[in-house]
Each structure stands twice: as C-alpha cells, then as structure tokens.
Amino acid sequence: MAKVQLKAAVLELVEGDITVQDTEAIVNAANNSLLGGGGVDGAIHRAGGPEILAECRTLGGCATGDAKITTGGWLQARYVIHTVGPIYWQVGVRRAAELLASAHRRSLEVAAEHGVQSVAFPAISTGAYGYPMDQAAPVALQAVIDYLDAHEAAGIRLVRFVLRGRQAYEAFARALSRLVEAPVQA
Ligand code: AR6
C-alpha cells in the first residue's frame, strides 16, 4: 500500500478488487450506454445486483469524460459512480489524457455533490479501452491531486486507487512517487 497526505485528503494506492472496497463510493469504468459490460463494469454489476442496472437504465447513458451516480445495491459502498474513460486508440494521445482527467474530475464532483467523503477508483480505460497503464497512471493521479488541491472544502477525505495486479499497482506507485514528494510505502 502507498499513501500520501494531501492538504485535506489522503490518497492511497492498493492492489485489490474494487467491488469489495469500504469507501462510500466506488467508481465504475463503464461505457456510454451505462448498460453493463465486462471488466470492472461486469464485476460491479454482478456484485451489486440488479438495482444498479435498473437505475442505470433511467440515466440516458453517459458521455465520455462525464460521470453519473447510482445506488451501490448489494455492495458495501453506498454509491457507484459510473464514468466513461476514452477508448485510447480512437481519440489520440492528447485527447485521451484530457478525457481521462475529466472522468476523474467529474467522478469527484459528483461524489462531492452527494456528500461522499471517500471514493475508490479502478484504473479507468486501462483494460478493454487500451490505455497503457504507465501513461494512464500519472494522468489519473494528477487529475485527482489537482481536484483535491482546488476543492479542499468539498468534503472528500479519502481517494483510493484499487489496482488489479502487481504491475498495475507498481505503475501507479512509480507515477505517484514522481508527482508528490514522499509517498509512504507500506
Ligand atoms: N477491481 C479492480 N480493477 C479491476 C477489476 C476489479 N474487480 N477488474 C478489472 N480491473 P476495464 P476500461 C482492472 O476493461 O478499460 C467494460 O466492458 C483491469 O485490469 O474494466 O475502462 C465497460 O463496459 C484494468 O486495469 O475498463 C466498457 O465497455 C482496469 O480495471 C469497457 O469495459 C480497467 O479495465 C471499459 O474499459
């Protein structure tokens, strides 16, 4: 686990499964339809049950880089925040970074609007959507750090990245060490 104390919030990296997190909200790496899929999306809908999909059906989809919120259903998390990252090979490197940053920022904005204090993110776009992990990690982390720096009063106290597998974890840990002075490794 790696951890860094920012102004008003803690940023953590853990290796694990997003569906079992005890944060108030978990973020889903969804698609524009919000009607389910594989990867994190499939795992969240399986673990959270049909109430999540029933609510998703009422939301009219989600634009890439935007985020929408539903119940957490059977999950420990009270909410699922569904965001849509870029399909890496479709948009070009620069636009992909903008959209990935936006997905993180919008997820945190939606969380704050609902009074959520703790949020867990997966490595959005790095699976089916093909974003190379080493490129996605600094973009995702910087977007979260920038949001937390600028919105100290928004009430978010914990952001946790939940990375599947050692390689993903290490990519995020390397990126975090470059972005902040002294992340604590444990
Ligand atoms: N916990 C944490 N991370 C996970 C888990 C898990 N349970 N399962 C997979 N990962 P992906 P995307 C990692 O494909 O690239 C869906 O079909 C995985 O190793 O879930 O944004 C949607 O419906 C990878 O590093 O999301 C969309 O159509 C990361 O999560 C599309 O896939 C993201 O992989 C979205 O693709």
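This is a short talk about where the ligand sits in this structure and what surrounds it.

Okay, hi everyone. One thing before we start: what you see here is a predicted model.

Let's begin with the pocket. The ligand sits in the largest pocket, and that pocket has a volume of about 590 Å³. There are 26 residues lining it, and the ones closest to its centre are Ala29, Gly39, Val40, Asp41 and Gly127. If you sort the lining by class, you get 13 nonpolar, nine polar and four charged residues.

So which part of the chain gives the largest share of that lining? It's helix 1, with five residues. Helix 1 covers residues 39–48, and it also gives the largest share of the shell around the ligand, with three residues.

Now let's look at the shell itself. The ligand has 22 residues around it, and Gly38, Val40, Asp41, Thr126 and Gly127 are the closest. By class, ten of the shell residues are nonpolar, nine are polar and three are charged.

Next, the polar contacts, and here I'd zoom in on the oxygen atoms of the ligand. Asp41 has a polar side-chain atom 2.7 Å from a ligand oxygen. For Thr126, an N or O atom of the side chain is 2.6 Å from an oxygen of the ligand. With Ala128 it's the backbone: one of its polar backbone atoms lies 2.8 Å from a ligand oxygen.

And how much of the ligand's accessible area does the protein cover? On its own, the ligand has 710 Å² of accessible area, and the protein covers 88% of that.

That's my tour, thanks for listening!

Conventions. Residues numbered from 1 in each chain as written. Predicted model: local features only at pLDDT ≥ 70, side-chain atom pairs only at ≥ 80, totals over all residues. Heavy atoms only, no water. Near = heavy atom within 4 Å. Polar contact = N/O pair within 3.5 Å; in protein donor to acceptor, adjacent residues only side chain to side chain. Areas by Shrake-Rupley, 256 points an atom, 1.4 Å probe, with all protein chains shown as cover. 1 Å grid on protein atoms, 1.4 Å probe; cavity = no way out; pocket = protein on both sides within 12 Å on 5 of 7 lines; lining within 4 Å. Sits in = over half its atoms within 2 Å of the grid points. Helix = DSSP H or I, 4+ residues; strand = E, 2+ residues; numbered from the N terminus. Nonpolar A, V, L, I, M, F, W, Y, C, P; charged D, E, K, R; others polar. Points joined across faces, edges and corners; volume = space filled by probe spheres on them.
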